[in-house]
Amino acid sequence: RESDHRAWTPVSYTVTRQNATIQGLIQGKAYFFRIAAENIIGMGPFTETTKEILIRDPITVPDRPEDLEVKAVTKNSVTLTWNPPKYNGGSDITMYVLESRLIGKDKFHKVTKEKMLDRKFTVEGLKEGDTYEYRVSACNIVGQGKPSFCTKPITCKDEIAPPTLDLDFRDKLIVRVGEAFSLTGRYSGKPAPKVTWLKDDTVVKEDDRTKIKTTPTTLCLGILKSVREDTGKYCVTVENSTGSRKGFCQVNVVDRPSPPVGPVIFDEVFKDHMVVSWKPPLDDGGSEITNYIIEKKDTHKDLWMPVTSATVKTTCKIPKLLEGREYQIRIYAENLYGISDPLISDEMKAKDRFRVPDAPEQPIIKDVTKDSAVVVWNKPYDGGKPITNYIVEKKETMATRWVRVTKDPIFPGTKFKVPDLLEGCQYEFRVSAENEIGVGDPSPPSKPIFARDPIAKPSPPINPEAVDKTKNSVDLSWQPPRHDGNGKIIGYLIEYQKVGDEEWKQANLTADSCPETNYKVTGLTEGLTYKFRVKAVNAAGESDPAHVPDPVEVKDRLEPPELILDANMAREQYVKAGDTLRLSAVIKGLPFPKVTWKKEDHEVSPKADIEVTGVGSKLEIRNTVHEDGGMYSLTVENPAGSKTVSVKVVVLDKPGPPRNLNISDVRSDSCYITWMEPEDDGGSVITNYVVERRDVASAQWVAISSSSKKRSHMAKYLMEGTQYLFRVAAENQYGRGPYVETLKPIKAIDPLHPPGPPKNLHHVDVDKTEVSLVWNRPDRDGGAEITGYLVEYQEDGADEWTKFQTVPMLDCVVTGL
């Protein structure tokens with residue numbers, strides 16, 4: 001039935017199911033419905049709907065919301081946004097339900113009771129590091145719809161994004177003075193970046209003309225009514241914890257230039273023209289000066305006349321002037337943006353006004369050396385024309401003629417180093433200036449100077465020390481100063497002071513009495529202690545004193561002798577004959593020891609040069625011979641003791657002559673030669689012997705052996721009957737010694753034997769005082785012709801035979817019996 005009727009209307013069909021579709025209802029009307037069950041017995045009671053039902057399109061729960069997004073995440077909050085469902089189920093959305101689930105848990109939990117109809121919500125109070133996922137559902141009059149798709153897992157942590165910067169301006173910006181300009185852009189970053197504006201590295205601050213506006217996404221710097229001082233390099237910095245970005249813009253605020261800088265200088269003035277110059281403006285207006293505009297005005301008139309507007313130089317010729325008239329000049333600077341205020345000159349009369357330069361003032365002479373000097377002067381008045389050259393002249397003080405020091409121009413400097421002076425000569429100098437008109441008068445002459453190197457006092461002597469002392473003297477030694485002050489060191493002054501006194505006494509009165517670097521201070525008192533100091537002296541004066549480091553007690557000191565042997569005093573010293581023998585040693589001891597050289601405990605040869613100095617001794621023998629060899633000794637002795645060293649000297653020479661030359665076994669074609677080695681082998685082993693022979697009729701010796709190491713030789717190939725002389729010499733590595741020669745010639749013949757006895761001796765006649773004897777030849781003659789027969793007689797009973805005579809024939813009469 002309709003809600004406003006009481007009558008029930010049956011539905012046209014019977015149903016056996018537990019549901020039914022009622023058709024033919026009118027939209028917008030409200031109805032009640034009732035249902036009864038029926039069986040074969042009959043119909044049961046009705047059950048009625050409790051509320052009226054309004055007929056309209058069917059209503060459902062909304063669809064799921066769309067585009068659920070995470071907009072921001074921090075360590076304790078998450079911001080979410082979403083869009084409404086595509087279909088609200090036929091009824092307006094009454095609220096949204098936002099749910100979250102902690103990752104690792106199963107259930108979703110409702111986040112808030114808010115209705116969240118603006119579809120944005122920030123979940124706060126989260127725990128840093130936890131991870132959640134979210135979903136959202138829409139509700140209408142019917143109920144809660146399906147949830148949206150879940151977000152990705154979201155971990156609670158501060159979200160980081162490096163800054164970005166998007167600028168609306170270029171690298172360069174040109175602005176006219178008085179105009180406004182702004183620098184804008186966009187930026188982003190997480191966490192929200194800090195925006196800073198700089199101009200030429202200085203932070204820009206807001207004032208009446210400067211405005212800074214910054215939103216979470218945009219930035220802007222604006223300047224009203226710009227001035228030239230706004231020119232500069234502007235920088236915007238966008239910075240957060242992850243980094244920074246910078247943008248730059250070179251802003252050039254341009255204007256017309258400031259006036260040229262005065263005063264206007266009249267470089268040249270003539271009767272019909274002038275040349276003027278000026279300086280560029282201090283401020284070019286931010287744009288290069290394109291040209292200058294020059295005008296002139298006769299001071300008797302009010303009219304400015306143009307000269308030129310095309311010059312870019314800061315100098316200009318002003319032509320077409322009338323002689324005697326006074327003129328003013330005005331100058332404008334021009335750039336792309338306008339013309340400056342003018343620079344106006346003083347009045348200047350058009351007339352010739354030039355002459356030669358004035359004479360310079362008296363020059364000053366500096367840095368004098370033995371061959372040069374530097375002349376310095378001040379620039380004189382140039383006579384109206386620029387000085388183009390200076391002329392420097394010199395002369396010896398006693399001379400009358402001035403000489404130019406150089407033909408080359410001297411300009412623009414006002415000093416000149418004059419070369420080629422003669423050492424020791426005295427010079428004066430003067431200077432003249434020259435311009436295009438001519439040469440001016442010379443300056444007054446300088447003060448005379450001598451050409452010599454400047455001399456300063458020397459530096460102190462180096463390392464003074466006491467090297468020796470006695471009971472009344474001290475020997476001092478030192479080294480020359482490092483710097484002699486460019487002057488020759490004349491000598492040294494030595495001073496001493498008794499310890500405890502204040503006064504220093506001079507050991508020598510004049511420096512030239514001690515030209516060397518040592519001095520013996522005498523006249524001191526034994527047992528006292530003194531201090532010493534030394535000064536160096538040159539022509540400029542005395543140096544500061546150099547002190548002996550420690551005070552010295554005056555007394556004799558004894559040191560036993562000490563020998564420091566040189567290499568030539570080794571145990572054995574070999575020297576080649578003819579060379580020089582040198583033996584030397586360093587000797588120490590106080591007092592200095594007595595030095596004695598000996599050879600084999602005897603005095604050394606008079607040919608030996610013996611030298612004794614304060615530090616050692618040397619023995620030298622020139623042109624040594626073998627006899628100079630032997631045992632040499634050096635003895636040093638003082639009251640504190642003595643010391644002796646010895647060295648064996650071997651003079652290496654040629655050997656002596658062989659001994660006992662003997663010739664034996666003479667034959668008609670050979671003989672046997674023997675000898676003994678020389679007494680002196682020259683200090684070196686005999687290497688060989690040389691054997692020579694000579695025919696007595698010849699002057700030429702002939703070698704028959706030159707390499708024999710034996711002391712004998714068989715001389716062969718002799719000519720029978722020829723007489724020969726023989727000689728032998730020994731050789732070692734230093735040469736061949738003298739020959740030993742046979743005393744008598746040796747004849748090359750076979751050896752002779754005595755003849756045999758005569759045969760058949762008998763008498764042929766006898767008288768009272770004589771006997772006639774005859775005999776026959778012997779059987780053998782002994783190898784040579786028999787030259788005679790010796791006749792002897794013996795008285796019967798006697799022991800002795802008496803020689804009678806030698807006869808050539810085979811008979812003899814013995815008389816005198």
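## Strands, sheets and cores in a predicted model

In this predicted model, the end C-alpha atoms of residues 359–454 lie 30 Å apart, and the span is 0% helix and 33% strand. For residues 259–353 the corresponding separation is 29 Å, with 0% helix and 53% strand. Both spans are among those that the UniProt annotation "domain: Fibronectin type-III", from an unreviewed entry, covers; the annotation also includes residues 1–58, 64–159, 460–557, 657–751 and 757–817.

Strand 7, residues 95–102, has 7 of its 8 residues buried, so this strand is largely enclosed by the rest of the structure. Strand 7 pairs with strand 10 (residues 131–139), where Tyr 134 is the bridge partner of Ser 100. Strand 7 also pairs with strand 8 (residues 109–110), in which Lys 110 is the bridge partner of Glu 99. Strands 7 and 8 form a hairpin with 6 residues between them, and Gly 104 in the turn has a positive phi of about 105°.

Further along the chain, 4 strands form an open sheet in the order 46-48-52-51, with antiparallel pairing. Strand 46 (559–565) and strand 51 (609–612) each have a single partner strand and stand at the edges, so one side of each lacks a neighbour in the sheet. Neighbouring strands of this sheet are turned by 20° against each other on average, direction ignored. Within the sheet, strand 48 pairs with strand 52, and Leu 583 stands opposite Leu 619 in strand 52.

The following table lists strand pairs.

| Strand pair | Sense | Bridges |
|---|---|---|
| Strand 7 (residues 95–102) and strand 10 (residues 131–139) | antiparallel | 8 bridges |
| Strand 7 (residues 95–102) and strand 8 (residues 109–110) | antiparallel | 2 bridges |
| Strand 48 (residues 581–590) and strand 52 (residues 616–621) | antiparallel | 6 bridges |

Leu 583 and Leu 619 also belong to the largest nonpolar core, which has 20 residues; together with Trp 597, Tyr 632, Leu 634 and Val 649, they touch the most other members. Two or more residues of this core come from each of strand 48, strand 49 (594–599), strand 52, strand 53 (630–638) and strand 54 (641–652). In soluble globular proteins, nonpolar side chains tend to be buried together.

Leaving aside neighbours within four places in sequence, Val 649 is in contact with Leu 583 and Tyr 632, and also with Gln 573, Val 575, Leu 581, Asp 628, Gly 629 and Gly 630. A second, separate core of 19 residues includes Val 264, Met 274, Ile 289 and Ile 331.

Conventions: Residues are numbered from 1 along each chain as its sequence is written. This is a predicted model: local features need pLDDT of at least 70, side-chain atom pairs count only at pLDDT 80 or more; totals for chains, interfaces and linings use all residues. Side-chain values use heavy atoms; hydrogens and water are left out. Two strands pair if DSSP finds at least two bridges between them. Axes are lines fitted to C-alpha atoms, for helices over the stretch in contact, and angles run from 0 to 180 degrees between N-to-C directions. A nonpolar core is a set of buried Ala, Val, Leu, Ile, Met, Phe, Trp, Tyr and Cys residues joined through side-chain atoms within 4.5 Å. Buried means under 20% relative accessible area, exposed over 50%, partly exposed in between (1.4 Å probe, protein chains only). Contact means heavy atoms within 4.5 Å. UniProt positions are given in the numbering used here, feature names are shortened, and annotations may be inferred rather than shown by experiment.
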